[in-house]
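Colleague: I would like a close look at one part of this structure, the closed spaces inside it. How many cavities of 30 Å³ or more does the structure hold, and could you show me what surrounds them?

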Amino acid sequence: MSLPFPDEPYLRGYYRPFGAEMEAEDLVVEGTIPADLAGTFYRNGPDPQHPPHPDDRYHVFDGDGMIYAIRLGGGRASMRNRYVRTRKFELERAAGKRLFGVFGNPRFNDPSVSPMEYNTANTHIWPHGGALYALMEGCPPTALDPDTLETRGYETFGSTVTGPFTAHPKTDPSDGAMHAFGYSAKGPGSTAVRYNIIDSAGQPRHLAWLDQPYASMMHDFALTERHVVFPCLPVVISMDRAMQGKPLTAWESDRASHFGVMAKGGAGGSDVRWVETDPTFMFHIANSFDDGDDVVIDVAGSKRAPLMPAVDGSLPDPQESRFTLKRWRIGHNGTFREEQIDGLDLQFPRIDDRMQGKRYRYAFVNGTARPSAGRIDGFDSIATIDVERGTRDEFSFGDGAFCGEPVFVATGPEEGEGWLLNLVWDSHANESILAITDARNVAAGPVARVHMPARVPGGFHCHWRAAA
Ligand SMILES: [Fe+2]
């Protein structure tokens with residue numbers, strides 16, 4: 001028996017738990033799936049099995065990971081979705097109820113569970129070295145079968161990944177190696193950060209350790225051709241605070257932001273040069289590159305973290321925590337400068353992955369030009385933003401549409417030559433589609449709309465894996 005879910009914004013509408021696993025062949029297609037699209041679009045996102053403890057509070061980052069795989073080829077489409085069978089998922093399914101506190105908060109953990117088993121595997125889905133990984137930043141990657149989505153278990157890359165592993169690794173286009181890190185790497189609330197490089201075949205190549213100035217929730221990091229940058233921003237984890245009944249993770253407005261700059265493949269420790277500036281925030285980096293001895297990082301940035309309470313538990317003003325595309329320059333002389341690239345209220349920025357770490361031109365985003373007051377992540381648009389010229393090519397799916405992260409699939413040699421794929425929920429029709437749009441002519445709207453057999457709840461990150 002599962003209990004009803006509480007009436008909370010991230011458990012209603014777009015985010016209402018779905019809870020079913022499906023397979024469907026020959027999906028209905030409006031328009032034409034381009035002949036050069038052959039592969040699988042993956043999407044990870046939260047789909048909680050059970051409501052939290054009545055005194056605990058659900059958070060959208062906390063639901064159990066559900067993977068959608070939409071296969072395209074020969075002009076046809078099929079889909080499959082599966083929960084990631086983490087230890088947490090299996091224990092809670094067997095118990096018929098929630099056993100873990102939200103974010104693994106020890107105050108609400110059932111005595112029968114180990115805090116180390118809190119893994120939602122709900123954030124990103126990442127193919128590497130022939131394998132497919134469901135990622136959640138508190139645990140090692142969970143390996144899945146890329147075709148069936150069957151869970152295979154943790155991947156520790158030869159015991160070099162000994163705990164948390166970012167949901168935002170980077171693939172170095174020069175050699176196909178995966179660069180990644182884990183924060184809270186010596187226990188929740190520790191300042192230890194582990195840096196790993198995994199080669200293109202999935203073998204461990206490099207391991208280093210560093211300490212950040214305080215225990216920040218480090219969601220993303222930057223990789224350029226010569227550097228890695230670890231952002232320590234003022235969302236801070238405190239086990240002591242959690243045990244006092246206050247937020248485990250909170251925005252601490254009196255903290256500075258710090259950026260740890262290190263040579264790519266560096267040894268950690270004292271090889272890291274920290275640059276300090278006023279509090280600022282981002283969850284996601286579009287791209288980063290070296291400009292002389294400066295490092296440029298383009299981010300979906302805000303003044304203050306959304307979705308994260310202050311130390312006293314109060315939630316942020318949505319206007320202060322909206323994201324726009326910003327350019328952060330970390331000077332070789334220790335300076336920090338910010339400028340705005342585009343004012344669109346956006347969520348997830350992506351690029352042509354061939355440009356990872358290089359000077360580039362195009363960012364692909366979901367966003368909205370509508371007033372944001374009162375909406376829960378109601379991003380009705382996708383756009384290609386030319387970061388050099390400052391222009392935007394945008395398409396709105398209209399009132400009541402909720403767009404997910406756009407993924408770029410290259411089909412030609414030039415940057416930006418290819419298709420954008422993103423899931424869209426039409427809240428009026430209660431229908432979900434996979435939209436396929438020309439990345440160089442977004443305003444023309446999708447060339448194909450692939451209809452899902454049921455509503456796909458709001459989720460996080462996506463990836464494309466080309467057919468072999
Ligand atoms: Fe993310």
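Modeller: Happy to, and let's begin with the word itself. A cavity is a set of grid points where a 1.4 Å probe fits but cannot get out. Rolling a probe the size of a water molecule over the atoms shows where empty space is left. Please keep in mind as you look that this is a predicted model.

With that in hand, the structure holds 2 cavities of 30 Å³ or more. Take the largest cavity, which has a volume of about 70 Å³. It is lined by 14 residues, and Tyr14, Arg43, Gly404, Leu423 and Pro457 are the ones that lie nearest its centre. If you want an element to look for, find strand β29, residues 418-426: with 3 residues, it gives the most to the lining of the largest cavity. Sorted by class, that lining divides into 9 nonpolar, 3 polar and 2 charged residues.

Now move to the second largest cavity, with a volume of about 50 Å³. Its lining can be read out in full: Tyr14, Tyr15, Gln347, Phe348, Asn366, Asp377, Cys403, Gly404, Glu405 and Gly459. You may recognise Tyr14 and Gly404, which are among the residues nearest the centre of the largest cavity and also line the second largest cavity. By class, the lining of the second largest cavity has 4 nonpolar, 4 polar and 2 charged residues.

Let's follow one of those lining residues outwards. Cys403 belongs to the lining of the second largest cavity, and cysteine 403 also holds the cysteine sulfur closest to that of cysteine 462. Why is there no bond between them? A disulfide is a covalent bond between the sulfur atoms of two cysteines. To count as one here, the two sulfur atoms must be within 2.5 Å. The sulfur of cysteine 462 is 11 Å from the one in cysteine 403, which is too far for a bond. Across the structure, the count by this rule comes to 0 disulfides. Cysteine 462 is covered, though: it counts as buried because its relative accessibility is 2%, where buried means under 20%. Cysteine 139 counts as buried too, at 4% relative accessibility.

The neighbourhood of residue 462 takes us from closed spaces to an open one. A pocket, unlike a cavity, is an open set of points. Strand β32, residues 462-466, is one of the elements that give two or more residues to the lining of the second largest pocket, and the others are β6 (124-128), β10, β20 (281-291), β23 (336-350) and β28 (407-410). About 700 Å³ of space lies in this pocket. Its lining has 34 residues, and those nearest the centre are Trp126, Thr171, Arg350, Asp353 and His463. By class, the lining of this pocket contains 15 nonpolar, 10 polar and 9 charged residues.

Among those elements, β10 is a good one to trace further, since it also belongs to a sheet. Strands of a sheet pair through backbone hydrogen bonds, either parallel or antiparallel. In this case the sheet is open, has 4 strands in the order β10-β11-β12-β13, and is paired in the antiparallel way. At the edges stand β10 (170-171) and β13 (204-211); each has a single partner strand, so one side of each is left without a neighbour in the sheet. The partner of β10 is β11, residues 178-182, and 2 bridges hold this antiparallel pair. To see the pairing on screen, find lysine 170, which stands opposite histidine 179 in β11.

For a contrast with that edge strand, finish at strand β18, residues 257-263. This strand is mostly covered, with 6 of its 7 residues buried. On one hand, β18 pairs in the antiparallel sense with strand β15 (residues 227-232) over 6 bridges, and there histidine 227 stands opposite alanine 263. On the other, β18 pairs with strand β19 (residues 273-277), again antiparallel, over 5 bridges; in that pair, serine 257 has threonine 277 as its bridge partner.

Notes:
Residues are numbered from 1 along each chain as its sequence is written. This is a predicted model: local features need pLDDT of at least 70, side-chain atom pairs count only at pLDDT 80 or more; totals for chains, interfaces and linings use all residues. Side-chain values use heavy atoms; hydrogens and water are left out. Buried means under 20% relative accessible area, exposed over 50%, partly exposed in between (1.4 Å probe, protein chains only). Two strands pair if DSSP finds at least two bridges between them. On a 1 Å grid over the protein atoms alone, a cavity is a set of points where a 1.4 Å probe fits but cannot get out, and a pocket is an open set with protein on both sides within 12 Å along at least five of seven lines; lining residues have an atom within 4 Å of a point. Grid points are joined across faces, edges and corners, and a volume is the space filled by probe spheres set on the points. Ala, Val, Leu, Ile, Met, Phe, Trp, Tyr, Cys and Pro count as nonpolar, Asp, Glu, Lys and Arg as charged, and the others, Gly among them, as polar.
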